[in-house]
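Me: I should like to learn how to read the features of a model such as the one shown here. Please give the general idea each time, and then the case at hand.

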There are 2 protein chains.
Amino acid sequence: MALGKDYVKQECSLARALEVVGERWTLLIVRDALYGVRRFGHFQTHLDIPRAVLSARLQSLVDTGVLDKQGHDYVLTGTGRDLWPIVHSLARWGDRNFSDRGPCRLFVHIGCSEPIDAGGACPACGRVVPPEELEIHPGPGLDAARQDPVSVALRSPHRLLEPVPV
Amino acid sequence: MALGKDYVKQECSLARALEVVGERWTLLIVRDALYGVRRFGHFQTHLDIPRAVLSARLQSLVDTGVLDKQGHDYVLTGTGRDLWPIVHSLARWGDRNFSDRGPCRLFVHIGCSEPIDAGGACPACGRVVPPEELEIHPGPGLDAARQDPVSVALRSPHRLLEPVPV
């Protein structure tokens, strides 16, 4: 991780943001937390991530105020939930450019029962929808081969941020 | 970079996106390309990045279709320009959470002369503005100490994507 400190020479807010979430795996951890994963073991089995790496990343996210440790749970703070539009846009960019089968996940605005668009807005009501009002559904690009408890639980519709029923 | 391959076990489009732009420095290179940096030497001096790392990242961005090599210039493709909302949102998230002095850069919708909001929309016309219609201006958080030619050039208003006058 020798290059990390060099980021501080960059005056841009993007560089500061990347100091916090630019480490390998970090945005995938934030994605899982948005989906409602809260326990160390569940992050580990869903992400296939080495224990030591996961442990370091979670601690760093707690230190920077993205996650809050509540008992055994890692819960997104307001700063962490605020990453939703970035996680969503980057995933949609991945879909558009690198997926043959379309999106792995659809995010449905609960009030309107419509999937949000690539910009995060609901086509029915026109609002940019916060994660609290979204339900995750399997999309056409989802790989159904994964059998870990989080992957299995997320094959049923589930409200974002609420604990995944595992 | 031993963890990179593990990303492929993640079914999510976010994981695919992170394979392309999740390497250290990559989003800062894309940011500079959006600002109009095109030459190897200009990326290097503006980013303070080791030559070998810059060379590898630029080649990888060409290979994945984010940049196009045109003579001596590295120019963003449509796929690359499509990263603008992500780079912008992540920088604004950095501003909100980790900057004492406010944004380093303001992005002004040329038609309306208004800076866009955190969601990328122009408060005057209400449209989400593409990078072609934006002008970069210094913001209150800008560190004016940097004297490399790109930093100096970007202290004057400059249209995004157009070559930085260095």
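Reply: We begin with symmetry, for which copies are superposed by least squares on the C-alpha atoms of residues with pLDDT of at least 70 in both. The model is predicted: local features need pLDDT of at least 70, side-chain atom pairs count only at pLDDT 80 or more, and totals for chains, interfaces and linings use all residues. Residues are numbered from 1 along each chain as its sequence is written, while chains are lettered from A and ligands numbered from 1 in the order in which they are written.

Me: Which residue of chain A comes closest to the rotation axis?

Reply: Two copies of a chain are related by a rotation about an axis and a shift along it. Here a turn of 180 degrees and a shift of 0.0 Å along the axis lay chain A on chain B with an RMSD of 0.0 Å. The two copies are thus related as by a two-fold rotation axis. Ile86(A) is the residue of chain A that comes closest to that axis, its C-alpha lying at 2.9 Å.

Me: How many residues does each chain give to the contact?

Reply: Two residues are in contact if their C-beta atoms, placed from the backbone, lie within 7 Å. Chain A contributes 43 residues and chain B 42 residues. To name the elements involved, we use DSSP runs numbered from the N terminus: helices (H or I, at least four residues) and strands (E, at least two). On the side of chain A that touches chain B, helix 1 (13–21), helix 2 (26–35) and helix 6 (84–98) of chain A each give two or more residues. Helix 6 of chain A supplies the largest share, 11 residues.

Me: What is the chemical make-up of that side of chain A?

Reply: Ala, Val, Leu, Ile, Met, Phe, Trp, Tyr, Cys and Pro count as nonpolar, Asp, Glu, Lys and Arg as charged, and the others, Gly among them, as polar. The side of chain A that touches chain B divides into 23 nonpolar, nine polar and 11 charged residues.

Me: Which residues have the most contacts inside the largest nonpolar core?

Reply: A residue is buried if 20 or more other C-beta atoms lie within 10 Å of its own, exposed if 12 or fewer, and partly exposed in between, with C-beta atoms placed from the backbone. A nonpolar core is a set of buried Ala, Val, Leu, Ile, Met, Phe, Trp, Tyr and Cys residues joined through C-beta atoms within 7 Å. The largest one has 88 residues, and Leu14(A), Val87(A), Leu14(B) and Val87(B) have the most contacts inside it. Not counting residues up to four places away in sequence, Val87(A) touches Leu27(A), Val30(A), Arg31(A) and Leu34(A), as well as Leu14(B).

Me: How far apart are the C-alpha centres of domain 1 and domain 2 of chain A?

Reply: Domain bounds come from an automatic or database domain assignment. For chain A that assignment gives domain 1 (4–80) and domain 2 (84–159). Their C-alpha centres lie 20 Å apart, and 10 residues of domain 1 are in contact with 10 residues of domain 2. Helix 2 and helix 3 (40–47) of chain A each supply at least two residues of the side of domain 1 that touches domain 2; helix 2 gives the most, with five residues.

Me: What is the strand order of the open sheet in chain A?

Reply: Strands of a sheet pair through backbone hydrogen bonds, either parallel or antiparallel. Two strands count as paired if DSSP finds at least two bridges between them. The open sheet of four strands in chain A has the order 4-3-5-6, with antiparallel pairing. Strand 4 (114–115) and strand 6 (158–159) of chain A stand at the edges with a single partner strand each, so one side of each is left without a neighbour in the sheet. Strand 3 (residues 105–109) and strand 5 (residues 134–138) of chain A are joined by five bridges, and Arg105(A) has Pro138(A) as its bridge partner in strand 5.

Me: Is Cys122(A) buried or exposed?

Reply: Cys122(A) counts as buried, with 22 C-beta neighbours inside 10 Å. Cys122(A) lies in the loop between strand 4 and strand 5 of chain A. Leaving aside neighbours within four places in sequence, its contacts include His109(A), Cys112(A) and Glu114(A).

Me: Which residues form the covered face of strand 2 of chain A?

Reply: In a regular strand the side chains alternate between the two faces of the sheet. In strand 2 (residues 73–76) of chain A, Tyr74(A) and Leu76(A) form the covered face, whereas Asp73(A) and Val75(A) form the uncovered one. Strand 2 pairs with strand 1 (residues 67–70) of chain A in the antiparallel sense over four bridges.
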